[in-house]
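Colleague: I would like a close look at one part of this model. Please pick a single helix and walk me through its surroundings in short steps.

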Amino acid sequence: MNDIFEMMLDEHSHDFDEHRRNALYEVTQQVVLSGLYRGGFFEKAAFYGGTCLRIIHNLKRYSEDMDFSLLEKDTNFNIKDYFPAIITEFKALGRDVTITKKDKKTFGKVESAFLKDTTEVYDLTFRTEKSLKVKIEVDTMPPLKFDTEQKLLLQPFAFMVRCFTLPDLFAGKMHALAFRNWKNRIKGRDWYDFDWYVRNGVELDFAHLQERILEFNGVEMNYDKFVTI
């Protein structure tokens, strides 16, 4: 079974050390998703963000963080209930991992700009390779008015992942572009992703964008006001 992990790595280019590291991130993320699937996580939550765009829609940019949103607000939800399924999935592939809660006091200003108090953050690391960390976030009190869809992944086995639809993923990116505190830390990845949405003709779910702006920034936004920002 541990050959499956290496087989998944071999499907990526290994010309440089950076390529192998990127491949490790993506394969690790796929195994995390498979463990969450086995644990029933996607009955209550959905995958979104840059890593979702990369893995599900083949964005030509690697992403390290994994972002999830509950389908309904629930302060009693505990993502730790699903960690045994993730750990078991890695063990089946011959890999040992640890999952530890991240101290929000260590977050940088940019990293924490869109992190609510209700968002739990954890780091997954290999016991033999501590330098590689995959950050897992789940918003238990998310902005709503979004739609989801089921997408098929084929590795490490065939399984379904519940994801935000592309218009709602676009809404999350537009929120970051319009309201991130840029200063001297311009996020080139945001512009890269924005260009991808535009080039692919993705429509914007403005209703979900309104909810995100209201809950994160306390601003009631209508369409005419937004397009003048």
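Modeller: What follows is a tour of helix 5, with a few stops in the rest of the chain.

Keep in mind that this is a predicted model. Start with the whole. The protein has eight helices and seven strands. Of its 229 residues, 49% are buried. The accessible surface is about 11,900 Å². Carbon and sulfur atoms hold 47% of that surface. Now take the contacts between residues at least 6 apart in sequence. Of these, 64% join residues at least 24 apart.

Now the helix itself. Helix 5 covers residues 166–179. How far should its 14 residues span? At 1.5 Å a residue, the expected span is 20 Å. The end C-alpha atoms are 20 Å apart, so the model agrees with the expectation.

Is helix 5 enclosed or open? Count its buried residues. A residue is buried when its relative accessible area is under 20%. In helix 5, 10 of the 14 residues pass that test, so the helix is largely enclosed by the rest of the structure. Leu 166, Asp 168, Leu 169, Phe 170 and Ala 171 are on the buried list. Lys 173, Met 174, His 175, Ala 176 and Leu 177 are on it too. Note that the list includes Asp 168 and Lys 173.

Zoom in on two residues. Met 174 lies in helix 5. Its relative accessibility is 14%, which is why Met 174 counts as buried. What does Met 174 touch, once its neighbours within four places in sequence are left aside? The contacts are Phe 194, Leu 204, Leu 209 and Phe 226. Phe 206 is another residue to find on the screen. Met 174 and Phe 206 are 32 residues apart in sequence. Their C-alpha atoms are 9.6 Å apart in space.

Ala 178 also belongs to helix 5. Its relative accessibility is 28%, so Ala 178 counts as partly exposed. Phe 226 is 48 residues from Ala 178 along the chain. Between the C-alpha atoms of these two residues there are 8.9 Å.

Next, a partner. Two packed helices are described by the angle between their axes and the distance between the axes. Helix 5 packs with helix 6, which covers residues 188–199. Their angle is about 145°, and their axes are 10 Å apart. The crossing is left-handed. Which residues make the contact? Helix 5 supplies Leu 166, Leu 169, Phe 170, Lys 173, Met 174, Ala 176 and Leu 177. Helix 6 supplies Asp 190, Trp 191, Asp 193, Phe 194, Trp 196 and Tyr 197. Sort these residues by type. There are 10 nonpolar, no polar and three charged residues.

Helix 7 is a neighbour as well. The buried residues of helix 7 pack against strand 1 (45–48), strand 7, helix 5 and helix 8 (223–226). Those buried residues are Phe 206, His 208, Leu 209, Glu 211, Arg 212 and Ile 213. Two of these names came up before. Leu 209 is in contact with Met 174, and Phe 206 is the residue at 9.6 Å from Met 174, C-alpha to C-alpha. Helix 7 takes in residues 206–217. Its 12 residues should span 16 Å, and the end C-alpha atoms are 16 Å apart, so this helix also agrees with its expected span.

For comparison, try helix 3. Eight of its eight residues are buried, so helix 3 too is largely enclosed by the rest of the structure. They include Gly 50, Cys 52, Arg 54 and His 57. Asn 58 follows helix 3. Asn 58 sits in the loop between helix 3 (50–57) and strand 2 (66–70). Its phi is positive, about 60°, although Asn 58 is not a glycine. With a relative accessible area of 44%, Asn 58 is partly exposed.

Lys 145 is another non-glycine residue with a positive phi of about 60°. Find Lys 145 in the loop between strand 5 (129–139) and strand 6. Its relative accessible area is 55%, so Lys 145 is exposed.

One last stop takes us back along the chain towards helix 5. Pro 156 lies in the loop between strand 6 (148–153) and strand 7 (159–164). A cis peptide bond joins Gln 155 to Pro 156. Omega there is about 5°.

Terms used:
Residues are numbered from 1 along each chain as its sequence is written. This is a predicted model: local features need pLDDT of at least 70, side-chain atom pairs count only at pLDDT 80 or more; totals for chains, interfaces and linings use all residues. Side-chain values use heavy atoms; hydrogens and water are left out. Axes are lines fitted to C-alpha atoms, for helices over the stretch in contact, and angles run from 0 to 180 degrees between N-to-C directions. Helices (H or I, at least four residues) and strands (E, at least two) are DSSP runs, numbered from the N terminus. A crossing is left-handed if the near helix is turned anticlockwise from the far one by less than a right angle, and right-handed if clockwise. Contact means heavy atoms within 4.5 Å. Ala, Val, Leu, Ile, Met, Phe, Trp, Tyr, Cys and Pro count as nonpolar, Asp, Glu, Lys and Arg as charged, and the others, Gly among them, as polar. Buried means under 20% relative accessible area, exposed over 50%, partly exposed in between (1.4 Å probe, protein chains only). The expected span of a helix is 1.5 Å times one less than its number of residues. Accessible areas come from the Shrake-Rupley method with a 1.4 Å probe; for residues, only the protein chains shown count as cover.
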